Amino acid sequence: MKNINIEDFKITNPINIKDFKTEFNLEASKSDIKDHLKDVRKGLGKIQDTMYAHGKYAVLVCLQGMDTAGKDSLIREVFKDFNSRGVVVHSFKTPTSLELRHDYLWRHYVALPERGKFGIFNRTHYENVLVTKVHPSYILNENIPGIDTVEDIDNAFWERRFEDINNFEKHIAENGTIIFKFFLNLSKNEQKHRLLRRLDREDKNWKFSPGDLKERELWDDYMTCYEDLLNRTSKPHAPWYVIPCDDKKTSRYLVARVLYDTLKTYTDIKEPELDDAIKANIDMYKRQLKKE
């Protein structure tokens, strides 16, 4: 297995998205990659147990990527060894009527993980500077004062959104949420193959929507928006990692390694110690139970 440095996948300077590869050679067989993932996710499971007991940090994992990038299967495989009480997954779809009666960040605020838990956003608050930027007419559904037509959505509008999002993440980071943001970097050619597989396999047909093809036609627009948001919102307290995902097993391993290697640096995350008075009476509690 090739040694990796997670910093190689982190965005710390302005980037051109075309410079990022969608494939990464781990120099290992698929079975070896799978075995290494098992080891890493066991370590993550132990960290999660400790965090749950510690109760001072939360972890927010944000996953963004084009359709078929493998977000669902990544969640299933990377977090398989987590205790279900310590992890919550939210998949953000088209805003509901209730959500549209609040500001656009409201539904993300209320879904944030509590201290001691992991929260996974499958698609995230970044849809508000991504899908809505590619389809600005969607903004009109938010019924924002002063935004009556698409022509009212100018550059200043998007500047404010980026500022809102950066402030949102800064606020939660300062209050104990460790933020990970992953852009699953898929090639257009690999997406084509994955969409074809959905059509070829009856058990996968349900995943396909004709809308997927319409969005695919806007690939270049989406890449432009991704490049913009990656450059504007990768911060030391909330960095973006660009993960090559033409091979799903590789992308799962890389995401798991970023999580594990980073969380291991938090040396203050420890299981709480028993109160001295309880410690001193442990033998007595044991005798009491054994007498039953």
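Contact here means heavy atoms within 4.5 Å. The structure is a predicted model.

**Exercise 1. Describe the overall fold of the protein chain: what share of its contacts with a separation of 6 or more joins residues 24 or more positions apart?**

Solution.
1. Start with the secondary structure: the protein chain has 12 helices and 5 strands.
2. The C-alpha trace spans about 75 × 50 × 40 Å along its principal axes.
3. Among contacts with a separation of 6 or more, 79% are between residues 24 or more positions apart.
4. For burial, 46% of the 292 residues count as buried.
5. The exposed surface is about 16300 Å², of which carbon and sulfur atoms supply 47%.
6. For charge, there are 49 positive and 48 negative side chains, and the centres of these two sets lie 6 Å apart.

**Exercise 2. Determine how strand 3 is placed: which strands pair with it, and in which sense?**

Solution.
1. Take the pairing with strand 1: the two strands run parallel and are joined by 5 bridges. One bridge partner pair is C62 with F121 of strand 3.
2. Take the pairing with strand 2: this is also parallel, over 5 bridges. Here V87 has F118 of strand 3 as its bridge partner.
3. Recall the general pattern: in a regular strand, side chains alternate between the two faces of the sheet.
4. Apply it to strand 3: F118, I120 and N122 point one way, while G119 and F121 point the other way.
5. Check burial on both sides: these residues are all buried. With 5 of its 5 residues buried, strand 3 is therefore largely enclosed by the rest of the structure.

**Exercise 3. Decide whether helix 2 is largely enclosed or not, and state what covers its buried residues.**

Solution.
1. The cut-off for buried is under 20% relative accessible area.
2. The residues of helix 2 that count as buried are K71, S73, L74, I75, E77 and V78.
3. That makes 6 of the 8 residues in helix 2 (residues 71–78), so the helix is largely enclosed by the rest of the structure.
4. The cover over these buried residues includes helix 1 (30–54), helix 10 (248–263) and strands 1 (58–65), 2 (87–91), 3 (118–122) and 4 (177–185).

**Exercise 4. Identify the largest nonpolar core: which residues have the most contacts inside it?**

Solution.
1. The largest nonpolar core has 39 residues, and F79, F180, F182 and L259 have the most contacts inside it.
2. Helix 1, helix 2, helix 10, strand 1, strand 3, strand 4 and strand 5 (240–244) each give two or more residues to this core.
3. The most comes from helix 10, which gives 7 residues.
4. Follow L259: beyond its neighbours within four places in sequence, it is in contact with L44, V61, V78, F79, F180 and F182.
5. Another core, of 37 residues, lies apart from this one and includes F157, F168, I172 and W240.

**Exercise 5. Compare three loop residues: where are H135, R123 and N143 found?**

Solution.
1. H135 is in the loop between helix 5 (131–134) and helix 6 (155–174). Its relative accessibility is 17%, so H135 counts as buried. Leaving aside neighbours within four places in sequence, H135 is in contact with E215, L218 and Y222.
2. N143 lies in the loop between helix 5 and helix 6. N143 has a relative accessible area of 67% and is exposed.
3. R123 lies in the loop between strand 3 and helix 5.
4. For the backbone, recall that most residues other than glycine have a negative phi.
5. R123 has a positive phi, near 70 degrees. N143 also has a positive phi, of about 55 degrees, although it is not a glycine.

Definitions and conventions: Residues are numbered from 1 along each chain as its sequence is written. This is a predicted model: local features need pLDDT of at least 70, side-chain atom pairs count only at pLDDT 80 or more; totals for chains, interfaces and linings use all residues. Side-chain values use heavy atoms; hydrogens and water are left out. Helices (H or I, at least four residues) and strands (E, at least two) are DSSP runs, numbered from the N terminus. Buried means under 20% relative accessible area, exposed over 50%, partly exposed in between (1.4 Å probe, protein chains only). Accessible areas come from the Shrake-Rupley method with a 1.4 Å probe; for residues, only the protein chains shown count as cover. Lys and Arg count as positive and Asp and Glu as negative; His and the chain ends are not counted. The place of a charge is taken as NZ of Lys, CZ of Arg, CG of Asp or CD of Glu. Two strands pair if DSSP finds at least two bridges between them. A nonpolar core is a set of buried Ala, Val, Leu, Ile, Met, Phe, Trp, Tyr and Cys residues joined through side-chain atoms within 4.5 Å.
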